[in-house]
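Trainee: I am new to this model. Could you take me closely through one part of it, then show me what else is there?

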Amino acid sequence: MIRPLFPVALLTLALAGCQSGSITPVQEAAADERPPSAADSSAASASSNATAPARSEAEPAPPADFQAWLRDFRRQARAEGISEATLSRALDGVRYRPRVIELDRSQPEFVRPIWQYLETAVSQARVSQGRAKLAEHRDTARRMEQRYGVPAEIIVAIWGIESNYGGNFGDFSTLEALATLAFDGRRSDFARGELLAALRIIEAGDIAPERMVGSWAGAMGHTQFIPSSFEAYAVDGDGDGRRDIWGSIPDVMASTANYLARAGWQPGQPWFVEVRLPSDFDYAQTELTTRRSSQEWAAQGVSRLGGGSLPAFDQASVLAPAGAQGPAFLVGPNYRAILRYNNATSYALAVGTLADRIAERDGIRSDWPRDEQPLSRSQVREMQQALNARGFDVGAPDGVMGPNTRRGLRDYQRSIGVTPDGFATLSLLQRLQR
């Protein structure tokens, strides 16, 4: 039985708890509004790749019942087929990590604009390093491209954004992180399942417990697979009989390409193209849930920036992540495959743009509205309250720019005679609050 495709980054996003409102059955909608921090200034996620603090005398003592929980978990794991030898190798000495819970419960108030995120994610340094990594591993990358149909530059781009080409994939013990979250986290059942998956990986001989390291949320290795995704999609790319996404670049590339292929990657199709929208375009259509053929979009006046025909997508969406004053994109199945890796518009744009730059193609050409000031979470909540007060129902204020909030904002913009693009800015909030 083939397991359903599971997003590699879901554990990080789900445990971070910063999104709500569904776009896909397995991810949460506002992920496309809050850029993931996987390409932060450290070149890896502040939430996904935090460095484990050194243990010191000042570190809080573990809860008294953690060891009791761990003993009970060991009994359950043994009943589910994990051998005593693996349990001893993996769980003897496992510690409760307060820092994991601290990170899990943190909620950033301020969110960088998408253009600032992309500047970091697709920096010249990362582009140059990506080209060097592709040259260094060209034979492997091309071999995986031939096997799975995923371009070498996409494989390398995901590697670059997820861990800065292995420079920072975290050094938390995956076993300790998951045990802590399963004991004390907001998604304890989910984390418990991932911990069992991690034990099965160790039992299969893919990795030794001490080498199973990654993020505070359980994402592992160069391209940040959670254990259940590793079980389902990791591949032995170098033929040594093990799947090692920590130390084997062939395994890393094969696993990443296999994941995207299983996510529906279509060889030969672009991931997105930059487009120009007509002046009377209805921005209510700029949701991933709105899908039309390229021919239908062209009939509305959507044209490819720089000329030429639109790619032949049967199910394409138009995205305008910074509203009418920013770039617009036509996206198809390969963009959606990237989203299955991490369901954030900014992430998918970064992967595609970095891949283009690594392959020495143009990046995004249109200007971003850099003079606009995006809203913090508390300001989004204020906007939601103000919209509700004016009769534009967006639901319970939660500080997240999801589809309902964008719809209400567009209705308000329409009522005041400005382009209803649903892009939340400080100037709009101030006008709402007058």
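Trainee: Let us start with helix 2 and helix 3. Is their crossing left-handed or right-handed?

Mentor: The crossing of helix 2 and helix 3 is right-handed. The convention is simple. A crossing is left-handed if the near helix is turned anticlockwise from the far one by less than a right angle, and right-handed if clockwise.

Some ground rules first. This is a predicted model, in which local features need pLDDT of at least 70, side-chain atom pairs count only at pLDDT 80 or more, and totals for chains, interfaces and linings use all residues. Residues are numbered from 1 along each chain as its sequence is written, and side-chain values use heavy atoms, with hydrogens and water left out. Helices (H or I, at least four residues) and strands (E, at least two) are DSSP runs, numbered from the N terminus.

Now the pair itself. Two packed helices are described by the angle between their axes and the distance between the axes. Helix 2 covers residues 66–79 and helix 3 residues 84–91. Their axes come within 10 Å and cross at roughly 145°. Axes are lines fitted to C-alpha atoms, for helices over the stretch in contact; angles run from 0 to 180 degrees between N-to-C directions.

Who makes the contact (heavy atoms within 4.5 Å)? Helix 2 brings Leu70, Phe73, Arg74, Ala77 and Arg78. Helix 3 brings Glu84, Leu87, Ser88 and Leu91. By class, that is five nonpolar, one polar and three charged residues. Ala, Val, Leu, Ile, Met, Phe, Trp, Tyr, Cys and Pro count as nonpolar; Asp, Glu, Lys and Arg count as charged; the others, Gly among them, are polar.

Stay with helix 3. Its buried residues are Thr86, Leu87, Ala90 and Leu91. Buried means under 20% relative accessible area, exposed over 50%, and partly exposed in between (1.4 Å probe, protein chains only). Seen down the axis of helix 3, these buried residues fall within an arc of 100°, so they line one face of the helix. The arc is that of the directions from the helix axis to the C-beta atoms. Helix 2 helps to cover them, and the cover also includes helix 9 (174–184) and helix 10 (188–203). Just after helix 3, Gly93 takes a positive phi of about 85°.

Next, helix 7 (residues 138–148). Thr140, Ala141, Met144 and Tyr148 are buried there. Down the axis of helix 7, its buried residues fall within an arc of 95°, so they line one face. Asp139 and Gln146, on the other side of helix 7, are exposed. Among the elements that cover the buried residues of helix 7 are helix 6 (124–136), helix 8 (152–163) and helix 12 (249–262). Gly149, just after helix 7, has a positive phi of about 80°.

Now the strands. Strands of a sheet pair through backbone hydrogen bonds, either parallel or antiparallel. Here, four strands form an open sheet with the order 4-3-6-5 and antiparallel pairing. Strand 4 (303–304) and strand 5 are the edge strands, each pairing on one side only. Helix 15 (residues 345–358) packs on the sheet and touches strand 3, strand 5 and strand 6. Its direction makes about 105° with that of strand 3. Two strands pair if DSSP finds at least two bridges between them.

Walk across the sheet. Strand 3 and strand 4 run antiparallel, joined by two bridges. Arg276 has Ser303 as its bridge partner in strand 4. Strand 3 (residues 272–276) then pairs with strand 6 over four bridges. Phe272 faces Val331 in strand 6, and Val275 stands opposite Ala328. Strand 3 is mostly covered, with four of its five residues buried.

In strand 6 (residues 328–331), Ala328 and Leu330 point one way, Phe329 and Val331 the other, and all are buried. Three bridges join strand 6 to strand 5 (residues 317–319), again antiparallel. Val331 in strand 6 is the bridge partner of Ser317.

Finish with Leu319, in strand 5. At 6% relative accessibility, Leu319 counts as buried. Leaving aside neighbours within four places in sequence, the contacts of Leu319 include Thr286, Leu288, Phe329 and Thr345. The C-alpha atoms of Leu319 and Val275, 44 residues apart along the chain, are separated by 9.5 Å.

Last, the whole chain. It has 18 helices and six strands. Buried residues make up 58% of its 434 residues.

Methods. Contact = heavy atoms within 4.5 Å.
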